[in-house]
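Open the model in your viewer and keep the sequence panel beside it. The tour goes stop by stop, with something to select at each one.

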Amino acid sequence: MKLVIYTSLPGLNDYTLACRGNKYAAASMKKRAEEMIQWHIRSQLKNWQTEKPIYLKYLWVEKDRRRDKDNVAFARKFVQDALVKSGTIPNDGWKNIVGFEDAFEVDKKNPRIEVEIVEVPDYDG
């Protein structure tokens with residue numbers, strides 16, 4: 001399965017700054033990001049769900065190279081939590097997500113996040 005999120009997500013620096021500000025700002029940022037991701041999940045994956053463990057392949061397509069890769073990839077947290085909240089996967093623990101990988105590209109006109117969800121049927125945790 002493939003999920004495309006047609007925007008950039010907050011990075012670690014954004015989240016850290018929000019944590020240092022108003023005590024509700026970071027929680028609000030995370031909630032908005034997850035709601036937007038869930039909208040993409042509902043519109044693209046429809047009602048697809050899996051109980052099988054999964055492996056996630058992320059392609060982070062940024063508009064430029066200003067943000068460090070580790071700052072960008074922090075948003076995995078938002079994506080994986082949204083997969084759980086949408087009911088796509090039952091949990092995001094060790095038995096449910098066996099691993100992930102990150103790749104990065106730049107596209108000034110079409111920043112996005114592509115997430116390939118690969119079921120791992122024979123994984124026993």
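What follows is a walk through a predicted model, from its core to its helix contacts and then to some single residues.

**Stop 1: the core**

Begin with the largest nonpolar core, which has 23 residues. Select I37, L56, V79 and V115, the members that touch the most other members. Then colour the elements that give two or more residues to this core: β1 (2-5), α2 (25-45), β2 (54-62), α3 (69-73), α4 (76-85) and β4 (112-119).

**Stop 2: I37**

Keep I37 selected and hide the other three. I37 is found in helix α2. Is I37 buried or exposed? Its relative accessible area is 0%, so I37 is buried. Now show what surrounds I37. Apart from residues up to four places away in sequence, I37 touches I5, L9, F78, V79 and A82.

For a distance to check in the viewer, pick the C-alpha atoms of I37 and D81. These atoms are separated by 9.5 Å, while the two residues are 44 residues apart along the chain.

**Stop 3: where α2 meets α4**

Select both helices and look at how they cross. The axes of α2 and α4 come within 9 Å of each other and cross at roughly 60 degrees. The two helices are therefore oblique to each other. The crossing of α2 and α4 is right-handed. To see the contact itself, show the side chains of K30, A33, E34, I37, Q38 and I41 on α2, and of K77, F78, V79, D81, A82, L83 and K85 on α4. By class, the residues of this contact are seven nonpolar, one polar and five charged.

**Stop 4: helix α4**

Now keep α4 alone in colour and leave the rest of the model in grey. How many of the ten residues of α4 are buried? Seven are buried, so α4 is largely enclosed by the rest of the structure. The buried residues in α4 are R76, F78, V79, Q80, D81, A82 and L83. Two of these get a closer look next.

Select D81, which lies in helix α4. D81 has 9% relative accessibility; buried means under 20%, so D81 counts as buried. Leaving aside neighbours within four places in sequence, D81 is in contact with K30, E34 and D92.

Move to Q80, which also lies in helix α4. Q80 counts as buried because its relative accessibility is 10%. Show L56, Y58, D92, I97 and F100 as well: Q80 touches these residues, not counting those up to four places away in sequence. As a second distance check, pick Q80 and D68. These residues are twelve residues apart in sequence, and 20 Å apart in space from C-alpha to C-alpha.

Before leaving α4, follow the chain past the end of the helix. Just after α4, select G87, which takes a positive phi of about 85 degrees.

**Stop 5: where α1 meets α2**

Bring α2 back and add helix α1 (residues 12-20). The two helices pack at an angle of about 140 degrees, and their axes are 7 Å apart. α1 and α2 are therefore oblique to each other. In this contact, D14, Y15, A18 and C19 of α1 meet A25, A26, M29 and K30 of α2. Sorted by class, the contact of α1 with α2 has six nonpolar, no polar and two charged residues. K30 is a residue to keep selected for a moment: K30 meets α1 here, and K30 is also part of the contact of α2 with α4.

**Stop 6: K46**

Select K46, in the loop between α2 and β2. K46 has a positive phi of about 55 degrees although it is not a glycine. With a relative accessible area of 56%, K46 is exposed.

**Stop 7: K57**

The last stop is K57, in strand β2. K57 counts as partly exposed because its relative accessibility is 32%. Not counting residues up to four places away in sequence, K57 touches E101, E114, V115, E116 and V118. V115 was selected at the start of the tour, among the core residues that touch the most other members. For a final distance, pick K57 and I5: these residues are 52 residues apart along the chain, and their C-alpha atoms are separated by 13 Å.

Methods:
Residues numbered from 1 in each chain as written. Predicted model: local features only at pLDDT ≥ 70, side-chain atom pairs only at ≥ 80, totals over all residues. Heavy atoms only, no water. Core = buried A, V, L, I, M, F, W, Y, C linked by side-chain atoms within 4.5 Å. Buried < 20%, exposed > 50% of the residue type's maximum accessible area, 1.4 Å probe, protein only. Helix = DSSP H or I, 4+ residues; strand = E, 2+ residues; numbered from the N terminus. Contact = heavy atoms within 4.5 Å. Axes fitted to C-alpha atoms, helices over the stretch in contact; angles between N-to-C directions. Parallel < 35°, antiparallel > 145°, perpendicular 65-115°, else oblique. Left-handed = near helix turned anticlockwise from the far one by under 90°. Nonpolar A, V, L, I, M, F, W, Y, C, P; charged D, E, K, R; others polar.
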